[in-house]
Amino acid sequence: MTFPIVYSPEVQAARDSGAPLVALESTIITHGMPYPQNVETARKVEAEVRVHGAVPATMAVMDGVLHVGLTDAQLEALGQAQNVAKLSRADIAACIARGGTGATTVAATMICARIAGIAVFATGGIGGVHKGAEETFDISADLQELAQTPVTVVAAGAKAILDLPKTFEVLETLGVPVIAFGQDEVPAFWSRASGIPAPLRMDSAEEIARAHALRGDMGIPGGQLVANPIPSEAEIAAETLAPVIAQALAEAEAQGIAAKAVTPFLLQRIFELTEGRSLAANIALVLNNARLAAGIAVALAGKP
Ligand code: PSU
Ligand code: MN
């Protein structure tokens, strides 16, 4: 490697023994949830991956070094840090070059996972096409990354703050497989239903692992998006959320929030407006995704 990369002791041991690994992002920690729930959730997500037979590798850039796997102290420090950059494909190399510190979005985490040879990644929701994109052109770099980088991403769909039909249309255009897990429609992050039929449906981790491996064998670039519905007991009905999302979007527009700030602003306002209910749902769905991702990683490693 010609750049500074450090594997945590746990991840290094997994690499040495060929144990299955699951990549985790860090933007959800620094920009997606408030402290201390962010660090508590990150710890629970890592534990969930371990319980299901894989080793978690949370990605972050700290002081110019790409970290694959964070120690508990590093996780705590990142969760408390202020003014951490939100890194995507465009700026991760620049951050390392400058000796900076930044959290990885879905796009940047996929890049890190590929570098580390990790095939599976669990997160909450991917970025996508924002409502009003026909005016703002705001489309997350996560979608392009899914088209290029061979990592299977387990998410609860795209966040309901987005224009879901346009998001899935772009994924289709980019040739990204969108696989709903165990149901016929794609989930909508905080709720199980979106009304959008799933392009693909799979019911087992093994099948998803086989499709991932086959794409590699066939030389098809890019990853897979596994859209894993939030557990029923944790979901929030779309009707309940619609006015909250509308209010958050209106505030973002009134305050001129743009570019990278849009998604964190909306998530924060929705947490506030739902008095934490959206946060509880967010935590439940990330844990659910960690579980499935571990199952896929175990299946890919060919271990029972
Ligand atoms: N999903 C969450 N919380 C988050 C994000 C996703 O539940 O904080 C983050 C992810 O890191 C995703 C990013 O890649 O938001 C998308 O940002 P943007 O829309 O600016 O591309
Ligand atoms: Mn954007």
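**Strand pairing, internal spaces and the ligand site**

In the sheet, V154 sits opposite V226 of strand β11. This comes from a predicted model, and β11 makes a handy place to start. V154 belongs to the stretch covered by strand β8, residues 152–155. Strands β8 and β11 run parallel to each other and are joined by four bridges. β11 also pairs with strand β9, which spans residues 178–181; this pairing is parallel too, and it has three bridges. Here I179 is the residue that bridges to V226. V226 therefore turns up in both pairings, facing V154 in one and I179 in the other, where pairing means that DSSP finds at least two bridges between the strands.

What about the two faces of β11, residues 224–227: are they covered or open? Both are covered. Q224 and V226 point to one side, L225 and A227 point to the other, and all four are buried.

Next come the enclosed spaces. The model has one cavity of 30 Å³ or more, and the largest cavity holds about 120 Å³. Its lining is made up of 14 residues, with E25, I28, I29, A42 and V45 closest to the centre. Two helices, α2 (27–30) and α3 (37–51), each put at least two residues into this lining. The top contributor is α3, which supplies five. As for chemistry, the cavity lining splits into eight nonpolar, four polar and two charged residues.

The open pockets are another matter. The largest pocket takes in about 530 Å³. It is lined by 29 residues, and those nearest its centre are K86, T105, S140, D142 and T263. Helices α2, α8 (141–148) and α12 (262–273) each contribute at least two residues to that lining, with α12 giving the largest share at four. By type, the lining of this pocket consists of ten nonpolar, 13 polar and six charged residues.

The second largest pocket comes in at about 350 Å³. Fifteen residues line it, and K131, T136, L249, E253 and I257 are the ones closest to its centre. At least two lining residues come from each of α7 (133–136), α11 (238–254) and α12. In this pocket the largest share belongs to α11, with three residues. The second pocket's lining breaks down into seven nonpolar, four polar and four charged residues. Helix α12 thus appears in the lining of the largest pocket as well as in that of the second largest.

Which residues come nearest to ligand 1? Out of 17 residues around it, the answer is E25, K86, S140, D142 and T263. Several of these names have already come up: K86, S140, D142 and T263 are among the residues nearest the centre of the largest pocket, while E25 is one of those closest to the centre of the largest cavity. Looking at individual polar contacts, the side chain of E25 has an N or O atom 2.5 Å from an oxygen of ligand 1. For K86, a side-chain N or O atom lies 2.7 Å from a ligand oxygen. The backbone takes part as well, with a polar backbone atom of V106 sitting 2.8 Å from an oxygen atom of ligand 1.

Finally, a few spots in the loops have backbone geometry worth a look. The peptide bond running from Y35 to P36 is cis, with omega near 5 degrees. P36 is found in the loop that links α2 and α3, and these two helices also help line the largest cavity. Elsewhere, N83 is not a glycine, yet its phi is positive, at about 60 degrees. N83 lies in the loop between α4 (72–80) and β5 (85–87). With a relative accessibility of 82%, N83 counts as exposed, because the cut-off for that label is over 50%. F137 is a further non-glycine residue with a positive phi of about 60 degrees. Its loop is the one between α7 and α8. F137 has a relative accessibility of 68%, so it counts as exposed.

Notes
Residues are numbered from 1 along each chain as its sequence is written. Chains are lettered from A and ligands numbered from 1 in the order in which they are written. This is a predicted model: local features need pLDDT of at least 70, side-chain atom pairs count only at pLDDT 80 or more; totals for chains, interfaces and linings use all residues. Side-chain values use heavy atoms; hydrogens and water are left out. Buried means under 20% relative accessible area, exposed over 50%, partly exposed in between (1.4 Å probe, protein chains only). On a 1 Å grid over the protein atoms alone, a cavity is a set of points where a 1.4 Å probe fits but cannot get out, and a pocket is an open set with protein on both sides within 12 Å along at least five of seven lines; lining residues have an atom within 4 Å of a point. Grid points are joined across faces, edges and corners, and a volume is the space filled by probe spheres set on the points. Ala, Val, Leu, Ile, Met, Phe, Trp, Tyr, Cys and Pro count as nonpolar, Asp, Glu, Lys and Arg as charged, and the others, Gly among them, as polar. A residue is near a molecule or strand if one of its heavy atoms lies within 4 Å of it. A polar contact is a pair of N or O atoms within 3.5 Å; within protein, one must be able to donate a hydrogen and the other to accept it, and residues adjacent in sequence count only if both atoms are side-chain atoms.
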